[in-house]
Amino acid sequence: ASCSGTFFDSGGSAGNYSNNQNLNTTICPDGMGSSHVLLRFDTIALAPGDQLCIRDGANNLAPLLACASDFPPGQPFNISASSNNASGCLTLSFISDASGTAAGWSAGISCAAPCIVSAPVAQLADMKNGNMTWVWSAVPGSSSFEVNVNGGPWMPANGPLSHTVSGLVPGNLVVLEIRPVSSNPGCSVQSITVNKVYLECNLSA
C-alpha cells in the first residue's frame, strides 16, 4: 500500500523493460489519508505490440479503466480509482512481446478523494430559423462535453461550450442532457438535463 513514490516499468528509471513480460501490479491506498489511488504518468513509451492497461480495483478481474494506447502518444496523463471502487486500488497489467522493447513509463503515486466532475450550468441562448442553442459554463476537470437529445445516443457537443439542435418547427420539445468528458477515466461525471419547446423568437441582445 502506498500513497507516494514513483511506479516504474521493470527497467527502472533508466533502462528499458524486457521482452516477453506478463506482469500485474496492484497499488492500494495506505489508509493514512485520502481513499483512492491517483497515478500521474509523466512519460510512457511502449514498443509496438506491447500494452499497459489499468483496472479499477484490487486484481486483474476488476473493470478496465483504460489502456495506455487510449491516451495521446507522448503526452502525460492522470488516472485514478473511481468513486465506485470501494478498495481505492488500481491494478496495472503489462504485456510485452518478443519483438523489441522501449523506455517504459514513470508514474507518480498519490492518493486523493474520488474524482467527480460536476455538471455545467446551462441556459438557453437563442431560438430562431429552426435552431435552438444552449450554452453552458466550463467546469474544472472537463476536457470537452457530450450531449444527448431527446434520449438519443451520446455525441460530442457541436460547440466548445454550446450545442445547437437544428431542424425544429414550432411546438417541438427538445430535452437536452449535457455532461462533461474527463481526460481521467477514473472520474465520475455529473450531467444536467434542460428542456424547452421550440418557438420562433430571438433571444439575442
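A residue counts as buried under 20% relative accessible area, as exposed over 50%, and as partly exposed in between. By this scale Asn-150 is partly exposed, because its relative accessible area is 46%. The model described here is a predicted one.

Asn-150 is a convenient place to start. Its position is in the loop between strand 12 and strand 13, the latter spanning residues 155–156. Asn-150 has a positive phi of about 55°, although it is not a glycine. A second asparagine can be set beside it. Asn-20 also has a positive phi of about 55° without being a glycine. This residue belongs to the loop between strand 1 (6–8) and strand 2 (22–27). Asn-20 counts as exposed, because its relative accessibility is 58%.

Strand 12, which covers residues 144–149, contains Asn-148. Asn-148 is buried, with a relative accessible area of 7%. When residues up to four places away in sequence are not counted, Asn-148 touches Pro-153, Trp-154, Val-175, Leu-176 and Glu-177. A separation of 16 Å lies between the C-alpha atoms of Asn-148 and Leu-168, which are 20 residues apart along the chain. Trp-154, one of the residues that Asn-148 touches, has a charged partner of its own. The charged end of Arg-179 sits over the ring of Trp-154, at 3.8 Å from the ring centre.

The next topic is the aromatic rings. A pair of aromatic rings is described by the distance of the centres and the angle of the planes. The structure holds six aromatic pairs. In one of them, Phe-41 and Phe-77, the ring centres are 4.7 Å apart and the planes meet at 15°, so the pair is stacked. The cut-off behind this is that planes under 30 degrees apart count as stacked. Phe-41 belongs to strand 3 (residues 36–45) and Phe-77 to strand 6 (residues 77–80), so the pair ties together parts that are 36 residues apart in sequence. Phe-41 is buried, with a relative accessible area of 1%. Phe-77 counts as buried too, at 5% relative accessibility. Phe-77 also forms an aromatic pair with Phe-71, and this pair is stacked, with 3.9 Å from centre to centre and 5° between the planes. Phe-71 has 11% relative accessibility and therefore counts as buried.

Phe-71 and Phe-77 appear again in the lining of the largest pocket. About 170 Å³ of space lies in this pocket. Its lining consists of Ala-66, Asp-70, Phe-71, Pro-72, Pro-76, Phe-77, Asn-78, Ser-182, Ser-183 and Pro-185. Sorted by class, the lining has six nonpolar, three polar and one charged residues.

Elsewhere, Phe-7, Tyr-17, Phe-94 and Trp-105 form one aromatic cluster. Phe-7 leads on to Ser-106, with which it is in contact. Ser-106 lies in strand 8, which runs over residues 104–112. Its relative accessible area is 16%, so Ser-106 is buried. Leaving aside neighbours within four places in sequence, Ser-106 is in contact with Thr-6, Phe-7, Phe-8, Arg-40, Phe-41, Asp-42 and Thr-43. Phe-41 in this list is the residue of strand 3 whose ring stacks with that of Phe-77.

Two further residues remain. Cys-67 is found in strand 5, residues 64–67. Cys-67 counts as buried, because its relative accessibility is 10%. Apart from neighbours within four places in sequence, the contacts of Cys-67 are with Gln-51, Leu-52 and Cys-53. From C-alpha to C-alpha, Cys-67 and Gln-51 are 7.1 Å apart in space, and they are 16 residues apart in sequence.

Gly-186 lies in the loop between strand 15 (173–181) and strand 16 (188–189). Is this loop residue buried or exposed? Gly-186 is buried, with a relative accessible area of 0%. Residues up to four places away in sequence not being counted, Gly-186 touches Leu-65, Ser-80, Ala-81, Ser-82, Ser-83 and Cys-115. Gly-186 and Ala-81 are 105 residues apart in sequence, and the space between their C-alpha atoms is 5.3 Å.

Notes. Residues numbered from 1 in each chain as written. Predicted model: local features only at pLDDT ≥ 70, side-chain atom pairs only at ≥ 80, totals over all residues. Heavy atoms only, no water. Phe/Tyr/Trp six-rings, centres within 6.5 Å; stacked < 30°, edge-to-face > 60°. Helix = DSSP H or I, 4+ residues; strand = E, 2+ residues; numbered from the N terminus. Buried < 20%, exposed > 50% of the residue type's maximum accessible area, 1.4 Å probe, protein only. Lys NZ or Arg CZ within 6 Å of the ring centre and 35° of its normal. 1 Å grid on protein atoms, 1.4 Å probe; cavity = no way out; pocket = protein on both sides within 12 Å on 5 of 7 lines; lining within 4 Å. Points joined across faces, edges and corners; volume = space filled by probe spheres on them. Nonpolar A, V, L, I, M, F, W, Y, C, P; charged D, E, K, R; others polar. Contact = heavy atoms within 4.5 Å.
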